[in-house]
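Q: Please take a close look at one strand and its partners, and then walk me outward from there to the other spots worth a visit. I'd like one connected account, with residues I can click on as I read.

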Amino acid sequence: MTQKRLILGISLVVLLFLAIAGFVFFREWRRDQASVNKRYPLQALKYCSSSPVTPCVVSFSQDANGNMLVSFLTDGAFYPDFYLKITAGERDHIYVCEKTNTLATSVYCTGKALPVGEVLQFYVISVNGDVVLAQGNFPIIGIALAGPDTFLSPTPGGISTEGITPEVTSSPSYPSYPGITP
Amino acid sequence: MNLFADIFSVLTNHWQLIVSIVLIMLLSQFMLGFVLRKIFNERLHTEEYFALSSAGWILPLSLTSVIWLAWGIILPARIGAALLLIVLAALAIVLFIQTRKESVPGLNAVPWSLLTLLGASILLRFAFVSRAIVPLYFDSAQHYLIVNALIRSLDSNELPLWSTLTSSYYHIGFHLLAALIVSFSGASINDVILILGQVVVGSIPLSIFPVIKQETQSSAAAIFAVLLVAFGWYMPAYAVNWGKYPALTSLPLITFVISLAYRTLTETDTLSRGKSRGSMILLGLSTLVTVLFHSRAVVVFGIVALAWILAARWQRLSKLWGGVIFFTTLIALVLIILFIGTKEIFGLLFDPYWEKGLLVTTGVLFLAIFAQWRYPRLAFASLLVILLLLGALLIPIQVPGYGMLTWLDRPFVEMMLYLPLSLLGGIGLAGLEKSLQGLTHTGTIKRFWRVPYLSLLFIGILLANALAHYNLYPAGCCEIVGRDDLVAIDWVDKNLPAETRILIASTELRVLDTPQGAAGSDAGIWITPLTGRKTIPWPFQSDFSQQATYDWLCQMGLGYIYIGEIGATFDNESLSSQPDWYKVLLSMPRTKIYQLSGCPLPQ
């Protein structure tokens with residue numbers, strides 16, 4: 001019985017080792033896929049869908065200084081640091097990109113605001129080696145411009161609290177710890 | 001196929017963290033199994049040891065995290081965590097070598113089935129992580145804040161002061177455990193909370209196995225109960241959508257304590273004095289650790305103990321009185337269910353078990369008849385537990401510092417009801433098996449309907465139902481952070497002054513008859529944990545176009561207003577309609593950050 005346990009123990013350790021080795025191998029393979037030193041078919045860049053193929057564009061935004069922010073979804077920690085080049089007509093615009101502190105898959109690039117609706121060429125280029133990682137041609141849509149008259153208004157009208165000093169409402173308007181919605 | 005692709009993507013993206021957590025889980029499990037084996041020797045089957053140690057694996061690890069906290073005064077958190085885990089691993093190796101010298105029962109199909117179930121259960125739960133941007137709902141932001149505070153304190157070789165963690169939070173067990181894992185793995189707090197949470201959820205089902213196996217000696221019935229816990233109803237696993245990680249972590253521990261108490265009580269006469277004492281010490285320690293994870297576990301232990309004692313007394317009654325008490329309990333149960341149904345605040349309580357789990361609950365109620373017939377004490381105790389859990393929702397208690405509460409709250413009872421129901425289902429199936437066995441012996445029914453087929457039939461129906469209805473992914477209700485929110489919060493961190501105060505949307509927290517204050521209702525609740533900026537919660541329905549609102553905001557000295565991408569957010573139109581009062585700083589398709597402008601200077 002002792003021998004059986006020993007064999008079982010060794011088998012489990014070997015299995016665990018193989019599993020770890022498998023994941024390391026897979027990770028390296030993934031890293032190689034995104035590696036800047038190897039030549040692979042160029043990844044197409046598009047807007048993110050419900051089952052996104054990364055990297056993809058999440059949204060376009062604008063800050064008070066008139067800068068445009070382009071949000072990306074990437075593979076996360078494995079994905080190399082990159083910058084964004086947008087070609088409009090014959091002019092190139094460079095956007096500096098940074099990962100958010102919270103989630104390695106969220107990256108945003110900041111630079112000059114460009115016109116909405118016009119088809120532009122987007123290049124995701126690695127910081128290390130200037131290799132084009134992804135490329136796509138599409139127009140900017142859904143940008144929220146930072147002028148009060150040009151906002152998109154995604155939320156429905158609010159409940160009026162006219163003439164009342166603001167305070168917490170007395171009845172729940174949104175169930176706490178809700179269940180599955182049908 | 002998407003499910004497997006999603007699970008695989010989580011495995012590849014978080015493999016170091018997953019391997020770390022699973023390894024310490026196995027170490028912890030092995031050590032607990034060793035202690036249990038020392039106490040109970042050959043009184044328990046291999047599968048019972050495995051299931052018990054799977055239920056209580058958090059126990060040794062929690063004790064380690066408490067030692068790590070104490071070491072925090074002398075050692076940096078990361079070094080302390082690494083050293084402790086090396087000691088833990090060395091101890092496990094020594095214990096393993098020692099167990100090799102002892103004879104242990106052989107392994108049959110049941111322990112392997114349980115191991116497979118545990119592995120599959122944990123793996124499947126990783127699908128949730130693939131679609132979660134950060135841990136869900138507002139509770140998770142609080143967990144992040146506490147874990148972060150713990151790590152920061154220990155990094156500066158200080159014991160964290162209670163007040164630095166939070167003034168109103170007391171379930172510190174989960175945060176200590178998460179902080180320990182963050183320290184030694186180097187992973188981000190959010191990743192640790194997400195992955196650890198899913199490993200815990202995956203280990204909950206196995207915890208029910210020992211009680212049913214002990215009571216019925218039927219492994220098939222116990223496995224059926226395990227599957228009931230895993231996929232029967234959307235609870236308890238759904239509670240990850242609420243960010244109820246401390247309460248979830250207490251669930252396998254609660255079942256571990258109940259199983260251990262049950263074993264200790266039933267083996268009192270056969271255990272030596274020393275072993276009996278050892279069992280009691282382990283029981284006491286497990287109870288303490290469980291309470292450290294969720295203080296309301298005390299109430300659950302009280303309810304279970306009371307139900308068990310009452311069921312024992314009930315069994316000693318005459319048939320007539322026993323019948324009267326049994327039917328009175330049933331009527332009381334029906335009445336309390338009807339009464340709770342009339343209370344709007346408890347409206348969601350039965351949703352997982354009735355509205356969304358009718359088929360499974362009906363099956364369990366059918367099996368409960370056989371449970372009551374063949375295993376009356378445990379079945380009656382389970383009924384009493386349901387009755388008392390529901391009763392605890394209605395009985396008020398004055399808690400110093402917290403005001404008037406009730407013994408248990410709606411979300412926790414909703415999470416807990418799976419336990420008595422699964423017990424009834426498991427022992428009910430064993431009862432049905434037993435009844436049919438009697439009939440096959442007398443030749444009343446055909447051989448085809450013999451026991452193994454019956455268990456397979458029930459397990460098959462349960463799994464088919466789960467395949468059709470069970471959702472392993474995050475629920476839309478509780479996702480309050482979108483991808484743009486992360487960019488916006490990062491932008492806040494890099495662009496707004498550190499001492500600023502930001503207005504964020506909130507909703508009323510209400511799980512008891514009386515409101516419990518405000519709870520963040522969009523990603524604004526994550527601003528303080530992620531950037532350190534102070535936030536002021538305010539009802540999301542507020543109308544910012546009103547003069548009174550603007551005056552109040554100015555009086556409060558608020559600098560900015562945050563509108564999140566999803567959840568219950570402020571109304572953007574009421575802000576954008578007053579450009580002189582609210583200047584837009586960051587405009588994303590749905591997420592916005594406004595600056596309050598034109599406020600009169602304070603006199």
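**A strand and its surroundings**

A: Let's start with a single pair: A:Asn67 has A:Lys112 of β7(A) as its bridge partner. Keep in mind as you click along that this is a predicted model. The pair belongs to a ladder between strand β4 of chain A, residues 67-73, and strand β7 of chain A, residues 106-112, which run antiparallel and share seven bridges.

β7(A) also pairs with strand β6 of chain A, residues 91-99, again in the antiparallel sense, this time over four bridges. For a landmark in that pairing, look at A:Lys99, which faces A:Val107 of β7(A). The connection from β6(A) to β7(A) is a hairpin, with six residues between the two strands. If you follow the side chains here, a general point may help: along a regular strand they point alternately to one face of the sheet and the other.

Now zoom out to the whole of chain A. Its secondary structure consists of one helix and nine strands, and the order from the N terminus is α-β-β-β-β-β-β-β-β-β. Chain A has 182 residues, and 23% of them count as buried. Its contacts between residues at least 6 apart in sequence include 55% that join residues at least 24 apart.

Two backbone details in chain A deserve a stop. The peptide bond that leads from A:Thr54 into A:Pro55 is cis, and its omega is near -5 degrees. You will find A:Pro55 in the loop that links β2 (46-47) to β3 (56-63) of chain A. Further along, in the segment that follows β9 (132-139) of chain A, A:Tyr177 has a positive phi of about 50 degrees without being a glycine. A:Tyr177 has 25 C-beta neighbours inside 10 Å, so this tyrosine counts as buried, the cut-off being 20 or more.

Chain B has a tyrosine to set beside that one. B:Tyr137 is part of helix α7 of chain B, which covers residues 137-155. Its phi is positive, near 65 degrees, and it is not a glycine. B:Tyr137 is buried because 28 C-beta neighbours lie inside 10 Å.

From there, move to a run of helices in chain B. Two packed helices are described by the angle between their axes and by the distance between those axes. Helix α11 of chain B, residues 209-216, and α12(B) have axes that come within 8 Å and cross at roughly 155 degrees. α11(B) is therefore roughly antiparallel to α12(B), since angles over 145 degrees fall in that class. The crossing is right-handed. On the α11(B) side the contact is made by B:Phe209, B:Ile212, B:Lys213 and B:Thr216, and on the α12(B) side by B:Ser219, B:Ala221, B:Ala222, B:Ala225 and B:Val226. By class, these are six nonpolar, two polar and one charged residues.

The loop between α12 and α13 of chain B comes next, and B:Pro236 sits in it. B:Met235 and B:Pro236 are joined by a cis peptide bond with omega about 5 degrees. B:Tyr238 is in the loop between α12 (219-232) and α13 as well. B:Tyr238 is buried, because 24 other C-beta atoms lie within 10 Å. Beyond its neighbours within four places in sequence, B:Tyr238 contacts B:Pro352 and B:Ala475. B:Met25, by comparison, is 213 residues from B:Tyr238 in sequence and 22 Å from it in space, C-alpha to C-alpha.

The last stop is the pair formed by helix α13 of chain B, residues 245-266, and helix α14 of chain B, residues 273-293, whose axes come within 9 Å and cross at roughly 160 degrees. α13(B) and α14(B) are therefore roughly antiparallel to each other, and α13(B) passes α14(B) in a left-handed crossing. Residues that make this contact include B:Leu253, B:Phe256, B:Val257 and B:Leu260 of α13(B), together with B:Met280, B:Leu283, B:Val289 and B:Phe293 of α14(B). By class, the contact of α13(B) with α14(B) has 12 nonpolar residues, seven polar and no charged.

How values were computed. Residues are numbered from 1 along each chain as its sequence is written. Chains are lettered from A and ligands numbered from 1 in the order in which they are written. This is a predicted model: local features need pLDDT of at least 70, side-chain atom pairs count only at pLDDT 80 or more; totals for chains, interfaces and linings use all residues. Axes are lines fitted to C-alpha atoms, for helices over the stretch in contact, and angles run from 0 to 180 degrees between N-to-C directions. Angles under 35 degrees count as roughly parallel, over 145 as roughly antiparallel, 65 to 115 as roughly perpendicular and the rest as oblique. A crossing is left-handed if the near helix is turned anticlockwise from the far one by less than a right angle, and right-handed if clockwise. Two residues are in contact if their C-beta atoms, placed from the backbone, lie within 7 Å. Ala, Val, Leu, Ile, Met, Phe, Trp, Tyr, Cys and Pro count as nonpolar, Asp, Glu, Lys and Arg as charged, and the others, Gly among them, as polar. A residue is buried if 20 or more other C-beta atoms lie within 10 Å of its own, exposed if 12 or fewer, and partly exposed in between; C-beta atoms are placed from the backbone. Two strands pair if DSSP finds at least two bridges between them.
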